[in-house]
Amino acid sequence: MFAPPPIRLSKSRFVAGWQCPKRLWWTVHEPAAEELKPDKVLQDRFDQGTHVTALARTRFPGATLIPPGADRARIEATRLALDFGAPAVLEAAFAAEDVFVAADVLLRERDGLTLIEVKSANSAKEEHVPDVAVQVWVARKNGVNVRRAEVMHLNTDFRHPDTGDLFVRTDITREVEACLPEVPALVAQLKEALAGPLPEVPIGLRCFEPWPCAFHDRCWPDDPWHISMLYHTGPKGVDRFLKLGVHSIRDLPAGHKLPDAAKRQLRALETGQMIVEPELKESLRDALGDARLGFLDFETINRAVPVWEGLGPWRPAVVQFSYHEQGVRPTHRAYLAEGPDDPRPELAERMLEATAGAERIVMYSSFERSRINELAEQLPALAGDLRALSAKLVDLLPIVRNHVYHPDFKGSFSLKYILTPLIPDLTYSDLAIVDGQVASVEIARLLFVAHLVEDREQLRRDLLAYCERDTWAMVRLVERLRELAG
Ligand code: SF4
């Protein structure tokens, strides 16, 4: 009888299966699944990873790069490069037992071969170990004696343009050797899972770590009472509850200690009503008083390879602000960087000028305060004024968290979750950009690869509109909170 050929595993499939066989099954059997299409944010992450890999390759002069092509040709080219004594092979390809891998770098050192995995992360992480282990396993099965395994990652101490080295190599040989005995069994298990029907896998920590699973919405219930909706219960806490058989907030064991906001959440779910604590009035009075209020919001870019002075890998840089100020008629000021040059000094000056008249400046979360404090360090000439601005900031988030809960908050106090329940008529649906991460990626495109942007002026307008809506949302939120406080 005809038996279908076994499904080939690759490094990325092995890692997906190591996280969850169900995730692997969908990835392989539904490659066109909507969930697998990289959005702009993920695509940017991939692009930055490609850039990091290209830079890492320059650290191995004289290396032989195995070009893309058919697996068989790549494997043959790798064998030839090794036979001819290449000092390093980039994209070194091997296959064994229907597993194909291409190692970023195979480096010939005095005491043998080192397999190096290049990552755009800031450190070597636990999840890099199985990724490297499967490569070492396949290489060794081909008689290639890999003696050491390393992760080459970005160096958090590096500062643009030239303080320190952009890369660090971390030896993970011990961890990889410890993982290697598990690889053959897992390979067999994953191949079997792929050949069968969709595997049954319970939801749990694996759905969030080491990577958030794209299939989350297929497996997790959308139920306000589900235990994953309980305020202040991260993936590890949810996993613990599920293992104890607690799937619903209703099943919480009697006497289980909860933070006040979670107790308020329970009351709101039970009654179906928004809970507003009477202390909200006093809290608002203390925080805002009768002061002239400003409302500030930032957008930032985060580049793996930093582009402006003093920045390290993945460090956020403020490139846009929106500012509303209360008055008889609210006023609005905004700034959005233009071109690849460092915008921070100009942005800071414009922001200081815009915010000079406000006595208190409202933001939501501590993000803006952190960025202003960083700007104060990066721009010594403006440090005093920036610190004075920082002292005027008022964070609305703890005020909401400590006094208000609406049944539709879904256990979260992020603006994304609280705005619609509190201010139903305030919408972002008319905007082209509705998400901070997308805004960040789009700004980076505008600054660094503007020639690839079809309609630059339109994109600028979209970005300005999005940031402006965020500060307008805070104006409305203060109004709403004052109304709730009576
Ligand atoms: S959501 Fe969880 S259980 Fe479902 S496929 Fe992803 S990791 Fe597996």
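**Exercise 1. Decide whether Cys-219 is buried, partly exposed or exposed, and do the same for Cys-213.**

Solution. Start with Cys-219: its relative accessible area is 27%. Buried needs a value under 20%, and exposed one over 50%. Cys-219 falls in between, so it counts as partly exposed. Now take Cys-213, with a relative accessible area of 16%. That is under 20%, so Cys-213 is buried. Keep in mind that you're working with a predicted model here.

While we're on cysteines, how many disulfides does the model have? To count, a pair of cysteine sulfur atoms must lie within 2.5 Å. By that rule, the count is 0.

**Exercise 2. Work out how strand β6 sits between its partners β5 and β7.**

Solution. First, find the strand: β6 covers residues 146–154, and 7 of its 9 residues are buried.

Next, look at the pairing with β5, residues 112–118. These two strands run parallel, with 6 bridges. One place to check is Ile-116, whose bridge partner in β6 is Glu-150. To get from β5 to β6, the chain passes through helix α5 (residues 128–141), and this β-α-β crossover is right-handed.

Then turn to β7, residues 167–171. Here the pairing with β6 is antiparallel, with 5 bridges. Val-151 has Thr-170 in β7 as its bridge partner.

Finally, look at the loop between β6 and β7, where you'll find Pro-161. The peptide bond joining His-160 and Pro-161 is cis, with omega about 5°.

**Exercise 3. Classify the aromatic pair of Tyr-231 and Phe-413, and say where its two members come from.**

Solution. The whole structure holds 10 aromatic pairs. In the pair of Tyr-231 and Phe-413, the centres are 5.3 Å apart and the planes make an angle of 80°. An angle over 60 degrees counts as edge-to-face, so that's the class of this pair.

Now trace the chain. Tyr-231 is in the loop between α8 and α9, while Phe-413 is in the loop between β14 and α16, and the two are 182 residues apart. Are they buried or exposed? Tyr-231 has a relative accessible area of 14%, which makes it buried. Phe-413, at 6%, is buried too. Both rings belong to one aromatic cluster, together with Tyr-405 and Phe-409.

**Exercise 4. Find what sits over the rings of Trp-225 and Phe-367.**

Solution. Over the face of Trp-225 you'll find Arg-250, 4.0 Å from the ring centre. For Phe-367, look to Arg-371: its charged end is over the ring, 4.7 Å from the centre.

**Exercise 5. List the buried residues of helix α2 and say what they pack against.**

Solution. Helix α2 runs over residues 21–29, and its buried residues are Lys-22, Leu-24, Trp-25, Trp-26 and Val-28. They pack against β1, α1, α7 and α8.

**Exercise 6. Describe the backbone at Glu-97 and His-232, and compare their exposure.**

Solution. Take Glu-97 to begin with. Its phi is positive, about 50°, although it isn't a glycine. This residue is in the loop between β3 and β4. With a relative accessible area of 44%, Glu-97 is partly exposed.

His-232 also has a positive phi, near 65°, and it isn't a glycine either. Its place is the loop between α8 and α9. At 63% relative accessibility, His-232 counts as exposed.

Terms used:
Residues numbered from 1 in each chain as written. Predicted model: local features only at pLDDT ≥ 70, side-chain atom pairs only at ≥ 80, totals over all residues. Heavy atoms only, no water. Buried < 20%, exposed > 50% of the residue type's maximum accessible area, 1.4 Å probe, protein only. Pairing = 2+ DSSP bridges. Helix = DSSP H or I, 4+ residues; strand = E, 2+ residues; numbered from the N terminus. Right-handed = clockwise from strand over helix to strand, strands pointing away. Phe/Tyr/Trp six-rings, centres within 6.5 Å; stacked < 30°, edge-to-face > 60°. Lys NZ or Arg CZ within 6 Å of the ring centre and 35° of its normal. Contact = heavy atoms within 4.5 Å.
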